[in-house]
Amino acid sequence: MSGSTSSPGFDERAARTISTSRPAAVVVDPARAIALHEECLALARGVGAKSEMMRSLVGLGEAALRLGDPVRATELILEGLAIAKEVGEKRGEKAALFAL
């Protein structure tokens, strides 16, 4: 059933799969990481998967920082931090704060 938290649909599974590839993509190729995170963010927003949205936003922020855009990085990471607080995801909050 698509969008259900107990039985994720294809798009939600895809968003999770893409979002879990974040660390390697950011380190190896920030431009590729941005493409992956943008795809994941679109999928996550489409199904309302807030944890995946948060991970993608933080990942986009980390990649933006590596590409020399600290203002955009801060905006993205703060958006991810707000979502982490909203859904009560403490690990996400810590990741976002560490990225700042």
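This section describes the fold, the packing of the last helix, the salt bridges and the surface of a predicted model.

The chain of this predicted model contains 6 helices and 0 strands, and from the N terminus on its elements follow the order α-α-α-α-α-α. Buried residues account for 43% of the 100 residues in the chain. Of the contacts in the chain with a separation of 6 or more, 47% involve residues 24 or more positions apart. The accessible surface of the chain amounts to about 5600 Å², and 57% of this surface belongs to carbon and sulfur atoms.

Confidence varies along the chain. The mean pLDDT is 81, with 72% of the residues reaching 70 or more. Among the elements, H5 has the highest mean pLDDT, at 96, and helix H2 (residues 22-28) the lowest, at 53. Over residues 1-8 the pLDDT is below 50, although this stretch has 11 contacts in the model beyond near neighbours in sequence. Where pLDDT is low, the predicted coordinates should not be read in detail.

Helix H6 (90-99) has a buried side and an exposed face. Its buried residues are Gly-92, Glu-93, Ala-96 and Ala-99. These residues cover an arc of only 130 degrees around the axis and are therefore placed on the same side of H6. An α-helix has 3.6 residues a turn, so residues three or four places apart point the same way. The buried residues of H6 pack against two other helices, H4 (50-66) and H5 (70-87). On the face turned away from this buried side, H6 carries the exposed residues Lys-90, Arg-91, Lys-94, Leu-97 and Phe-98.

A salt bridge is also found within H6, where the side chains of Lys-90 and Glu-93 meet at 3.7 Å, N to O. The two residues are 3 residues apart in helix H6, about one turn of the helix. Their surroundings differ in accessibility: Lys-90 has a relative accessible area of 54% and is exposed, whereas Glu-93, at 14%, is buried. Glu-93 is thus listed with the buried residues of H6, and Lys-90 with the exposed residues on the face turned away from them.

In total, the model has 6 salt bridges. One of them joins Lys-50 to Glu-86, with the closest N and O atoms 2.2 Å apart. Because Lys-50 lies in helix H4 and Glu-86 in helix H5, this pair ties together parts that are 36 residues apart in sequence. Lys-50 is partly exposed, at a relative accessible area of 33%, while Glu-86 is exposed, at 52%.

Another salt bridge connects Glu-89 with Arg-55, the closest N and O atoms being 3.7 Å apart. Glu-89 belongs to the loop between H5 and H6 and Arg-55 to helix H4, so this pair ties together parts that are 34 residues apart in sequence. Arg-55 has a relative accessible area of 30% and is partly exposed. With a relative accessibility of 17%, Glu-89 counts as buried, because buried residues are those under 20%. Apart from neighbours within four places in sequence, Glu-89 is in contact with Ser-51, Met-54, Arg-55 and Ala-84. Glu-89 and Arg-55 also belong to a network of salt bridges that includes Glu-52.

On the surface, Leu-78, Leu-97 and Leu-100 form a nonpolar patch, with about 280 Å² of accessible area together. Leu-97 is among the exposed residues on the face of H6 turned away from its buried side. Leu-100 lies in the segment after helix H6 and, at 48% relative accessibility, counts as partly exposed.

Elsewhere in the chain, Arg-32 lies in helix H3 (residues 30-47). Arg-32 has a relative accessible area of 47%, which means that it is partly exposed. Its C-alpha is 9.0 Å from the C-alpha of Ala-63, although Arg-32 and Ala-63 are 31 residues apart in sequence.

Note on methods
Residues numbered from 1 in each chain as written. Predicted model: local features only at pLDDT ≥ 70, side-chain atom pairs only at ≥ 80, totals over all residues. Heavy atoms only, no water. Patch = residues over 30% accessible without salt bridge, like charges linked within 9 Å, V, L, I, M, F, W, Y side chains within 5 Å. Areas by Shrake-Rupley, 256 points an atom, 1.4 Å probe, with all protein chains shown as cover. Salt bridge = Lys/Arg side-chain N within 4 Å of Asp/Glu carboxyl O. Helix = DSSP H or I, 4+ residues; strand = E, 2+ residues; numbered from the N terminus. Buried < 20%, exposed > 50% of the residue type's maximum accessible area, 1.4 Å probe, protein only. Arc of directions from axis to C-beta. Contact = heavy atoms within 4.5 Å. pLDDT = per-residue confidence, 0-100.
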